[in-house]
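Me: Could you walk me through this fold? I'd like short answers that show their reasoning.

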Amino acid sequence: MKILAAVDGSPFTKRMLAYLAAHDDWFGGQHQYTIVNAVAAVPPRAAAVLDKAVLKAHYEEEAEKVFKPIRAFFAKQGLKADFVYKAGPAADVVVGLTEKNEYDLVVLGSHGHGSFANLVLGSVATKVLARCKTPALLIR
């Protein structure tokens, strides 16, 4: 199974990884993992004046802050994963990857806000569930 796991480095990411580790049917060497992080995009006006190499280095640095403990977690579990980062809104990044690749499952953590908070604040998980055609596992 090809699994896309969306991570942001929050406690909800840790909870999602703990859930996967506790459930051997979702977590194991028989699966192919892609770990994705949506890095906050530099505003277009600022990006226009920055050297592309500097901008790319900034995005890589920000993504690696999130990926570093997850790489260690996967290494400890003896599993391999591809690590991908994209600049932009998290829901757009996750949905975009599912549209371009054939994943069997998308896994993401959720803050677990109520429906009113989602209405007011919006939720990456809600947006992904609404737009994504790939089955999703939401961990609270």
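Me: What percentage of the 140 residues of the protein chain count as buried?
Reply: This is a predicted model, where local features need pLDDT of at least 70, side-chain atom pairs count only at pLDDT 80 or more, and totals for chains, interfaces and linings use all residues. Residues are numbered from 1 along each chain as its sequence is written, and side-chain values use heavy atoms, with hydrogens and water left out. Buried means under 20% relative accessible area, exposed over 50% and partly exposed in between, with a 1.4 Å probe and protein chains only. Of the 140 residues, the buried share is 35%.

Me: Thr-134 and Gly-29 both sit in loops; is Gly-29 buried or exposed?
Reply: Thr-134, in the loop between α6 (124–131) and β5 (136–139), is buried because its relative accessible area is 13%. Gly-29 is in the loop between α1 (11–22) and β2 (32–39); helices (H or I, at least four residues) and strands (E, at least two) are DSSP runs numbered from the N terminus. Gly-29 has 65% relative accessibility, so it counts as exposed.

Me: What pattern does the protein chain follow along the sequence?
Reply: There are 6 helices and 5 strands to place. Read in sequence order, they give β-α-β-α-α-β-α-β-α-α-β.

Me: Which element gives the largest share of the largest nonpolar core?
Reply: A nonpolar core is a set of buried Ala, Val, Leu, Ile, Met, Phe, Trp, Tyr and Cys residues joined through side-chain atoms within 4.5 Å. The largest one has 23 residues, and Val-7, Met-16, Ile-35, Ile-70, Phe-74 and Val-107 touch the most other members. Elements giving it two or more residues are β1 (2–6), α1, β2, α3 (52–77), β4 (105–109) and β5. With 7 residues, the largest share comes from α3.

Me: How many residues are in the second, separate core?
Reply: Leu-4, Ala-6, Val-36 and Leu-97 are included in that one. Its residue count is 14.

Me: What share of the contacts with a separation of 6 or more comes from residues 24 or more positions apart?
Reply: Contact means heavy atoms within 4.5 Å. Phe-74, for one, touches residues including Leu-17, Phe-27, Tyr-33 and Ile-35. Over the protein chain, the share asked for is 77%.

Me: What is the radius of gyration of the protein chain?
Reply: It's taken over C-alpha atoms, and the globule rule is 2.2 Å times the number of residues to the power 0.38. For 140 residues, a compact globule would come out near 14 Å, which agrees with the chain's 15 Å.

Technical notes: Lists of a residue's contacts leave out its neighbours within four places in sequence.
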